[in-house]
Amino acid sequence: MQKMSGVVLLACIGLGGAQAADLSFLNAQGNVEAVPGELVFVHKLHYRKLYEEKPFPDAVIYYYRNGVYKILSQGENHYGLYVMQGHTQDQTYTIRYISSPSHDWGDKTAFHQLTFVNGAQSNLFIQNAITERGEQIAQQNGEFITQEKNLDRVATEWHDGLKMAP
């Protein structure tokens with residue numbers, strides 16, 4: 001199954017706009033590793049409806065120009081690949097994610113799809129996810145903030161706010 005995960009990640013490279021030279025699939029410890037490109041925007045998520053196996057209400061997703069993302073929360077800290085349908089300024093847009101195999105997901109991959117809605121009163125998201133075994137995870141949702149300016153400052157503040165080790 002690990003070879004299949006690599007094939008899926010390779011297939012997604014073209015979809016996410018990443019170049020093969022930007023990703024390293026095995027590091028010295030035998031783990032999947034991603035090298036991000038230029039940071040282009042950040043989402044700060046606050047979940048209202050949570051996945052019971054990962055009941056962590058706050059997460060930050062960093063998006064890089066080469067189609068790589070990184071997610072940080074109290075229960076997740078891994079890279080993966082993303083494909084975006086629409087733009088962050090649109091009323092609605094969708095981002096699809098394939099996580100790299102990580103300890104966060106039992107050394108397996110996972111597929112997530114988040115649909116974002118820029119509303120007049122608040123910004124909302126709906127998340128659907130599927131595990132590597134094809135199991136549907138109950139739908140999750142919450143509120144979000146998008147940051148596209150002052151990324152160095154915001155990334156540091158949001159990362160530090162999660163009280164996570166680098």
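**Exercise 1. Find the residue in β5 that Tyr 63 stands opposite in this predicted model.**

Solution. Start with the two strands: β4 covers residues 58-64, and β5 covers residues 68-73. Next, check how they run: β4 and β5 pair in the antiparallel sense, over 5 bridges. Now look across from Tyr 63, and you meet Tyr 69. Finally, follow the chain through the turn: 3 residues lie between the strands of this hairpin, and Gly 67 there takes a positive phi near 85°.

**Exercise 2. Work out which strand pairs with β5 besides β4, and which residue there faces Lys 70.**

Solution. Move on to β6, residues 77-85, which pairs with β5 in the antiparallel sense over 5 bridges. The link between β5 and β6 is a hairpin of 3 residues. Opposite Lys 70 you will find Tyr 79 of β6.

**Exercise 3. Decide whether β5 is largely enclosed, and explain why.**

Solution. Sort the side chains by direction first: Val 68, Lys 70 and Leu 72 point one way, while Tyr 69, Ile 71 and Ser 73 point the other way. Then apply the cut-off for buried, under 20% relative accessible area. Residues on both sides pass it. Because 6 of the 6 residues are buried, β5 is largely enclosed by the rest of the structure.

**Exercise 4. Identify stretches to read with caution, using pLDDT.**

Solution. Begin with the whole protein: the mean pLDDT is 79, and 72% of residues reach 70 or more. Residues 1-24 fall below 50, with 39 contacts in the model beyond near neighbours in sequence. Residues 162-166 stay under 50 too, with 14 contacts beyond four places in sequence. Where pLDDT is low, predicted coordinates should not be read in detail.

Conventions:
Residues are numbered from 1 along each chain as its sequence is written. This is a predicted model: local features need pLDDT of at least 70, side-chain atom pairs count only at pLDDT 80 or more; totals for chains, interfaces and linings use all residues. Side-chain values use heavy atoms; hydrogens and water are left out. Buried means under 20% relative accessible area, exposed over 50%, partly exposed in between (1.4 Å probe, protein chains only). Helices (H or I, at least four residues) and strands (E, at least two) are DSSP runs, numbered from the N terminus. Two strands pair if DSSP finds at least two bridges between them. pLDDT is the predictor's confidence in each residue, from 0 to 100. Contact means heavy atoms within 4.5 Å.
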